[in-house]
Amino acid sequence: MRFDGKVVCITGGTKGLGKAMAKAFLEEGAYVCVNGRTQENITKFLNEFQGQKVIALNADISNYEAMESMAAQVIATCGKIDILINNAGIVNPLRPAEKMKKEEFDTVIDVNIKGTFYATQAFGKKMIEQKKGRIVSIASQVALFGEKGFLPYAISKSALMLMTRALAYEWSKYGITLCAIAPGFIKGGMNEGLIKKEIFVDYLSKRTPIGRMANVDELVSVVLFLASVDAHYINGETIIMDGGITGYTQEPLIDFISKGKQ
Ligand SMILES: NC(=O)c1ccc[n+]([C@@H]2O[C@H](COP(=O)([O-])OP(=O)(O)OC[C@H]3O[C@@H](n4cnc5c(N)ncnc54)[C@H](OP(=O)(O)O)[C@@H]3O)[C@@H](O)[C@H]2O)c1
C-alpha cells in the first residue's frame, strides 16, 4: 500500500472531496487527520470511519491558534506529519465584481488564503523540524482565467498557486516539497446542489472539451499520485486537471476569419 505508516492531514476533510480523499488514503494504509467547523459532519465522519486510524477535529483554518494547536495535536497523537492536503476552501456567492459585498470578499480571502497559509505554516514548522514533508494544495481552474462572478475565489486560488511556487523554493532545503492541483468543475463536493439539475451538468459538460464534468474519483487519484513518492520531483508546480477547459478560446480567430469569407 502506497501510504502505509504515513500520517496525512486533510483540511476540510469532513465532507465533500476531502472526505473522499480521506477514504482513499485510509484504504492505502495512512493514518488520517481531518478538520472542519461543523460538529455534525465531524461526528458523521467519526461514525463512518469508526475503528480506523482517524482523528477528526473541530478547527477553523482561518483561526491561527487553532491551526497551531491542530498541528501540535497531530504530532502528539501520531508522532509526525508526512503529508498535508490543503483542501478546505469556500466559494463566494457568484456576483459581478462591482456588486461583491465586502464581507463576502473578506470571508473567502480569510479562509482560502489566510487560513491555508496558517495551516501550511503550522504543519510546515513541524515538517521543518522533521526535515521531511509533502504539501498538496487544491486550487481551481478559475485561478487561470477570468470568469465573471468568481473574483475573490479566483484570486484566492491563484494565491495558493503562488504560495506553492514560493514555498517550494524556500522549503525544499528542509526536505519539504509542494504542489497544487487546479481542478475543473467536479461532480460532487460544493457542486452537490448544482449537479442535481441536469441543465447545469449539460452546460458545464458542453463547455469542457472532454464533454463532461470530472468525477470525484478522478480528482482523488490525482491527489494521491501527487502525495506519493512517484510525484516527488514535481515541486512548486500546479497540475491543471480540467478536461481541457482552460486550453481554448470560445471563438478561435481562424473560425472568425472563415465566417467572414462565407
Ligand atoms: N467541487 C469542485 O468542483 C471543486 C473544483 C475546484 C476546486 N475545488 C476545491 O476543492 C476543495 C474542497 O471542495 P469541496 O467541493 O469538497 O467543498 P465542500 O463540499 O463545501 O467541502 C469543503 C470542506 O471544507 C471545510 N471547510 C470550509 N471552510 C473551512 C474552514 N474555515 N476551516 C476548516 N474547514 C473548512 C468544510 O467543513 P465545514 O463547513 O464544516 O467547515 C468541508 O469539510 C475546496 O478548496 C474547493 O475550492 C472544488
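Q: The expected span of a helix is 1.5 Å times one less than its number of residues. What does helix 1 reach from its first C-alpha to its last, set against what is expected?
A: This is a predicted model, in which local features need pLDDT of at least 70, side-chain atom pairs count only at pLDDT 80 or more, and totals for chains, interfaces and linings use all residues. Residues are numbered from 1 along each chain as its sequence is written. Helix 1 has twelve residues, for which 16 Å is expected at 1.5 Å a residue. Its first and last C-alpha atoms are 17 Å apart, close to that value.

Q: What makes a run of residues a helix or a strand, and how many of each does the protein chain have?
A: Helices (H or I, at least four residues) and strands (E, at least two) are DSSP runs, numbered from the N terminus. The protein chain comes to eight helices and seven strands.

Q: Why is the protein chain called as compact as a globular protein of its length?
A: The radius of gyration, taken over C-alpha atoms, is set against the globule rule, which is 2.2 Å times the number of residues to the power 0.38. For 262 residues the rule gives 18 Å; the chain has 19 Å, which is close, so the chain is as compact as a globular protein of that length. Along its principal axes, the C-alpha trace spans about 70 × 40 × 40 Å.

Q: What makes a residue buried or exposed, and what share of the protein chain is buried?
A: A residue is buried if 20 or more other C-beta atoms lie within 10 Å of its own, exposed if 12 or fewer, and partly exposed in between, with C-beta atoms placed from the backbone. Buried residues make up 41% of the 262 residues.

Q: Why is helix 1 described as largely enclosed by the rest of the structure?
A: Nine of its twelve residues meet the criterion for burial, so helix 1 is largely enclosed. Among them are Gly16, Leu17, Lys19 and Phe25. Their cover includes strand 1, strand 2, helix 2, strand 4 (83–86) and helix 7 (216–227); packing is judged by contacts, that is, C-beta atoms, placed from the backbone, within 7 Å of each other. Glycine 29, with a positive phi near 95°, follows helix 1.

Q: How do you know that the buried residues of helix 7 line one face?
A: The buried residues are Leu219, Val220, Val223, Leu224, Leu226 and Ala227. Down the helix axis they fall within an arc of 165°, so they line one face of helix 7; the arc is that of the directions from the helix axis to the C-beta atoms. What covers them includes helix 1, strand 4, strand 5, strand 6 (176–183) and strand 7 (237–241).

Q: Which residues of helix 3 are buried, and which exposed residues lie on the face turned away from them?
A: Ala66, Met67, Met70, Ala71 and Val74 are buried in helix 3. They fall within an arc of 135° seen down the axis, so they line one face of the helix. The face turned away carries the exposed Glu65, Ala72 and Ala76. The buried residues of helix 3 pack against strand 1 (7–11), strand 2 (31–36), strand 3 (54–58) and helix 4 (102–130).

Q: What makes a residue part of the shell around the ligand, and how many residues surround the ligand?
A: A residue is near a molecule if its C-beta atom, placed from the backbone, lies within 6 Å of it. By this criterion 29 residues surround the ligand, and the closest are Gly12, Gly16, Thr38, Gly89 and Gly189. The elements giving two or more residues to the shell are helix 1, strand 2 and helix 4. Helix 1 gives the most, with three residues.

Q: Why is glutamate 40 called exposed?
A: Glutamate 40 has 10 C-beta neighbours inside 10 Å, and therefore counts as exposed. This residue lies in helix 2 (residues 39–48). Its C-alpha atom is 9.5 Å from that of threonine 14, which is 26 residues away along the chain.

Q: What makes the phi of lysine 131 worth noting?
A: Most residues other than glycine have a negative phi. Lysine 131 is not a glycine, although its phi is positive, about 60°. Lysine 131 lies in the loop between helix 4 and strand 5 (133–138). Because it has 10 C-beta neighbours inside 10 Å, lysine 131 counts as exposed. Leaving aside neighbours within four places in sequence, lysine 131 is in contact with Tyr174 and Gly175.

How values were computed
Contact = placed C-beta atoms within 7 Å.
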